[in-house]
Amino acid sequence: MIEVDEDLVFKIAQDTLQGNDSGAWTIPSKKLYPHQWLWDSCFTAIGLRHLDPKRAATELRSLLRGQWDNGMIPHMIFSPQKWKIDDSRIWQSHKISGSPTNVRTSGITQPPLMAEATSRVAEMLDGVERKKFLMEMVPAIIRYHQWLYWNRDPKGTGLALLLHPWETGLDNSPSWMSELRKIHTPFWIKVVDLMRVDRLISLFRRDIKTVPSDQRMKTSDLLRLHHAQQDLRRHDYEMQRVFTNTHRHFMVESLSFNSILMRNNEILVDLANQVDIEVPKWLLGRFKKAKESLQQLCNPVTGICYHRNYDEQVIEEVPTISILLPLYSGVITQHQAQQLVNLMTNENIYWLPYPVPSVPKTAEYFDEKRYWQGPTWLNTNWLIVDGLRRYGFQKEADHIVEQSLKLVESSGSKEYFSPISGEGLGADNFSWTAALALDFLKNK
Ligand code: GLC
């Protein structure tokens with residue numbers, strides 16, 4: 001058992017969450033992320049429920065401000081900022097019919113963790129409050145999952161199709177960057193690369209004014225992400241319209257997103273039962289189909305699953321943190337879970353001093369400090385721990401929890417950490433790190 005100063009971790013977490021509270025929702029971090037993000041608020045609510053369950057419920061209700069008429073919950077809801085360039089301008093969401101009128105949002109989504117967060121918060125509310133909260137949240141989450149299956153599952157396989165790496169939440173994960181390099185490298189980005197003028201462009205990057213550039217993504221990768229976003233905007237963020245493109249666009253069946261979706265489908269059904277709300281039959285059919293379809297992404301010998309490139313229908317065997325997330329889905333077999341645990345606990349690959357790195361150490365693109373290209377993040381640790389516990393791997397789960405708490409104890413509530421030295425990296429006072437450290441403390 002590793003000794004952790006629990007009072008210190010609690011204090012760090014509490015201070016961070018209080019400092020980032022903007023009333024009805026929590027911003028991820030002051031300087032770098034001043035808006036509301038979908039999966040950030042879900043993780044935040046999971047931790048915040050231990051401090052103030054009612055405020056945690058408000059965190060999730062706030063996400064409904066951004067829901068589109070078609071049911072989509074966007075990945076960002078913008079906060080107006082005085083005296084600053086309007087961050088929402090690149091999305092122009094207000095020009096699209098069915099977008100909310102009171103707030104500006106992005107036009108894409110993020111991992112669907114709302115059912116999980118709602119259920120965790122509901123557990124802490126008393127009877128009347130709980131019912132009221134669930135009656136508000138459950139219909140909205142059903143509409144959201146309906147949107148995912150109506151709009152993002154063109155073949156009816158139960159696997160959602162993503163149109164932008166930001167939808168996975170793992171922005172510059174190597175799997176996405178190799179896809180983007182193939183598809184979203186127009187002439188002008190090639191020129192930037194060739195003439196090595198990215199230093200010049202970097203002068204305009206806000207993120208590297210607060211965080212060292214070797215901890216953020218490369219400028220040309222960021223430009224590709226923006227290129228893909230602008231392409232989507234031209235098609236009003238509609239999958240059917242993107243399909244009519246004469247040129248190719250980023251389209252993947254992401255393993256991590258779909259693993260999260262499957263677990264949340266299950267929780268959603270349970271929540272709906274609790275308040276006697278019916279989940280449409282066709283939707284339940286997709287939930288079932290999804291579980292079978294996940295196996296199509298898996299290698300029958302190694303049991304390991306990967307993402308699929310939708311255009312080419314090719315399974316890309318690029319190992320990242322995503323390949324461990326089927327543990328969270330709960331739909332792989334016990335044997336597959338064991339195969340994943342064997343891989344995860346290999347000390348040369350994933351089981352580094354502070355596990356679990358976002359990219360295995362053996363991968364050529366592993367970069368200890370760079371964003372989703374190597375560092376350890378507490379949110380993916382939380383998902384893995386939750387899955388490990390349900391499959392009965394308590395020892396491994398405990399180790400990840402203890403090392404995660406050690407990270408916060410020694411480096412504070414940083415955005416991410418070196419899996420080798422434990423050095424804190426990225427933004428300071430990051431909300432989901434604080435919230436999930438609290439949840440780890442309470443459920444040690
Ligand atoms: C970064 C992360 C994303 C997160 C956002 C706000 O873009 O990659 O997952 O939601 O920051 O914290």
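In what order do the three strands of the open sheet stand, and is their pairing parallel or antiparallel? The order is β3-β4-β5, and the pairing is antiparallel. This is a predicted model, so please read what follows with that in mind. Besides the sheet, this briefing visits one cavity and two pockets, the largest with a volume of about 1,200 Å³ and the second largest with about 240 Å³.

**The sheet and its helix**

- β3 (252-253) and β5 (314-316) stand at the edges of the sheet, and each has a single partner strand, so one side of each is left without a neighbour in the sheet.
- α6 packs on this sheet and touches β3, β4 and β5. The direction of α6 makes about 5° with that of β4.
- Strand β4 (residues 307-309) runs antiparallel to β5, and three bridges join the two.
- If you would like a spot to find by eye, look for N309, which stands opposite V314 in β5.
- As general background, strands of a sheet pair through backbone hydrogen bonds.

**The cavity**

- A search of the whole structure turns up one cavity of 30 Å³ or more, and about 50 Å³ of space lies in this largest cavity.
- Its lining is made up of S175, W176, S254, L255, S256, Y306, H307, V318, T320, S322 and I323.
- Two helices, α6 (174-183) and α12 (255-274), each supply at least two residues of that lining.
- By class, the cavity lining has five nonpolar residues, six polar and no charged.

**The largest pocket**

- The largest pocket has 43 lining residues, and those nearest its centre are L32, R206, D207, L222 and H226.
- At least two lining residues come from each of α2 (38-48), α9 (207-210) and α10 (219-234). The helix that gives the most is α10, with four residues.
- Charged residues do appear here: the lining divides into 22 nonpolar, eight polar and 13 charged.

**The second largest pocket**

- Lining the second largest pocket are 17 residues, and S29, K31, A427, D428 and N429 lie nearest its centre.
- Helix α1 (residues 6-19) gives the most to this lining, with three residues.
- The lining of the second largest pocket holds four nonpolar, eight polar and five charged residues.

Technical notes
Residues are numbered from 1 along each chain as its sequence is written. This is a predicted model: local features need pLDDT of at least 70, side-chain atom pairs count only at pLDDT 80 or more; totals for chains, interfaces and linings use all residues. Side-chain values use heavy atoms; hydrogens and water are left out. On a 1 Å grid over the protein atoms alone, a cavity is a set of points where a 1.4 Å probe fits but cannot get out, and a pocket is an open set with protein on both sides within 12 Å along at least five of seven lines; lining residues have an atom within 4 Å of a point. Grid points are joined across faces, edges and corners, and a volume is the space filled by probe spheres set on the points. Ala, Val, Leu, Ile, Met, Phe, Trp, Tyr, Cys and Pro count as nonpolar, Asp, Glu, Lys and Arg as charged, and the others, Gly among them, as polar. Two strands pair if DSSP finds at least two bridges between them. Contact means heavy atoms within 4.5 Å. Axes are lines fitted to C-alpha atoms, for helices over the stretch in contact, and angles run from 0 to 180 degrees between N-to-C directions.
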